[in-house]
Amino acid sequence: MNIFILNGSPRYHGNTRAALQTMKTILEDGNTVEVLDVSTLKLSGCCACDGCKRNGGHCVCQDESDAVIQKIVQADAVIFGTPVYWWGMSAQLKMVVDKFYSQDSQFKTMGKKIGVIVVGANNMENPQYRLIHD
Ligand SMILES: Cc1cc2nc3c(=O)[nH]c(=O)nc-3n(C[C@H](O)[C@H](O)[C@H](O)COP(=O)(O)O)c2cc1C
């Protein structure tokens, strides 16, 4: 299986990357696994121009989101990792997630396996984790 892991933490030696690295090591047995540090990319927020709806599903922004979206489309399974920032995912990962808009009709029918790893400072009973995960 081709597994694509996105690290939404800007801290290369942070907790999220450590968790994802452990996940990668486990999954590498029998799979092809790539980890991408989203914070290394030049990204912009979706500007809702609908340009992607007129050109076959490619973001028209001059950033690197289109290549990431294509990798997500091609992967059999995708794991999203993020630190909790104010009860949500990191802004870096959210910029990628918003660009799903360019492929939203496709994503609904792909049947892709999805995993989410959320790392926060609060205890596990805090509803923030469920809000992000679900
Ligand atoms: C801007 C910011 C907002 C944060 N908001 C929360 C929060 O709402 N809940 C929480 O449990 N932790 C919060 N934290 C703590 C981080 O989620 C926590 O330290 C996490 O382990 C950081 O992951 P990292 O080591 O990959 O950077 C916040 C940290 C930052 C920098």
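Leucine 6 stands opposite phenylalanine 80 in strand 3, and that pairing is a handy way into this predicted model. Leucine 6's own strand, strand 1 (residues 2-7), is joined to strand 2 (residues 32-37) by 6 bridges and to strand 3 (residues 77-83) by 5 bridges. From there we can walk out to the helices, a few loop residues and the ligand.

**The strands**

- Let's start with strand 1, which runs parallel to strand 2 and also runs parallel to strand 3.
- On the strand 2 side, isoleucine 3 sits across from valine 33, while asparagine 7 has aspartate 37 as its bridge partner.
- On the strand 3 side, phenylalanine 4 faces valine 78, and leucine 6 faces phenylalanine 80.
- Is strand 1 mostly covered or mostly open? It's mostly covered, with 5 of its 6 residues buried.
- Strand 3 is mostly covered too, and here 5 of the 7 residues are buried.
- Strand 3 also pairs with strand 4 (residues 113-119), again in the parallel sense, over 7 bridges.
- One of the pairs between them is threonine 82 with valine 118, which is its bridge partner in strand 4.

**Helix 1 and the unit it belongs to**

- Strand 1, helix 1 (residues 15-27) and strand 2 together form a β-α-β unit, and the unit is right-handed.
- Helix 1 is 13 residues long and spans 18 Å from its first C-alpha to its last. That's close to the 18 Å you'd expect at 1.5 Å a residue.
- Which residues of helix 1 are buried? They are Thr16, Arg17 and Leu20.
- Those three cover an arc of only 90° around the axis, so they end up on the same side of helix 1.
- Turn to the face pointing away from that buried side and you'll find the exposed residues Thr22, Thr25 and Ile26.

**Helix 3**

- Helix 3 (residues 65-74) has its own buried set: Ser65, Val68, Ile69 and Ile72.
- Why do they line one face of the helix? Looking down the axis of helix 3, the buried residues fall within an arc of 100°, so they line one face.
- Ala67 and Gln74 are on the other side of helix 3, and they're exposed.

**Two loop residues with a positive phi**

- Here's some background: most residues other than glycine have a negative phi.
- Alanine 48 goes the other way, with a positive phi of about 55° even though it isn't a glycine.
- You'll find alanine 48 in the loop between strand 2 and helix 2 (51-54).
- Alanine 48 counts as exposed because it has 8 C-beta neighbours inside 10 Å, and the cut-off for exposed is 12 or fewer.
- Tryptophan 86 has a positive phi as well, near 50°, and it isn't a glycine either.
- Where is tryptophan 86? Look in the loop between strand 3 and helix 4.
- Tryptophan 86 is exposed, because it has 8 other C-beta atoms within 10 Å.

**Far along the chain, but how far in space?**

- Glutamine 128 belongs to helix 6 (residues 128-133).
- Glutamine 128 and tryptophan 86 are 42 residues apart along the chain, and their C-alpha atoms are separated by 8.6 Å.
- Glutamine 128 is partly exposed, because 15 other C-beta atoms lie within 10 Å; that count falls between the cut-offs, 12 or fewer for exposed and 20 or more for buried.
- Serine 102 is in the loop between helix 4 (91-98) and helix 5 (104-107).
- Is serine 102 buried or exposed? It counts as buried, because it has 26 C-beta neighbours inside 10 Å.
- Valine 60 is 42 residues from serine 102 along the chain, and the C-alpha atoms of the two are separated by 9.5 Å.

**Around the ligand**

- There are 15 residues around the ligand, and the ones that come nearest are Ser9, Gly14, Thr16, Pro83 and Gly120.
- You've met Thr16 already: it's one of the buried residues of helix 1.
- Sorted by class, the shell around the ligand has 7 nonpolar, 7 polar and 1 charged residues.

How values were computed:
Residues are numbered from 1 along each chain as its sequence is written. This is a predicted model: local features need pLDDT of at least 70, side-chain atom pairs count only at pLDDT 80 or more; totals for chains, interfaces and linings use all residues. A residue is near a molecule or strand if its C-beta atom, placed from the backbone, lies within 6 Å of it. Ala, Val, Leu, Ile, Met, Phe, Trp, Tyr, Cys and Pro count as nonpolar, Asp, Glu, Lys and Arg as charged, and the others, Gly among them, as polar. Two strands pair if DSSP finds at least two bridges between them. Helices (H or I, at least four residues) and strands (E, at least two) are DSSP runs, numbered from the N terminus. A crossover is right-handed if, with the strands pointing away from the viewer, the path from the first strand over the helix to the second runs clockwise. The expected span of a helix is 1.5 Å times one less than its number of residues. The arc is that of the directions from the helix axis to the C-beta atoms.
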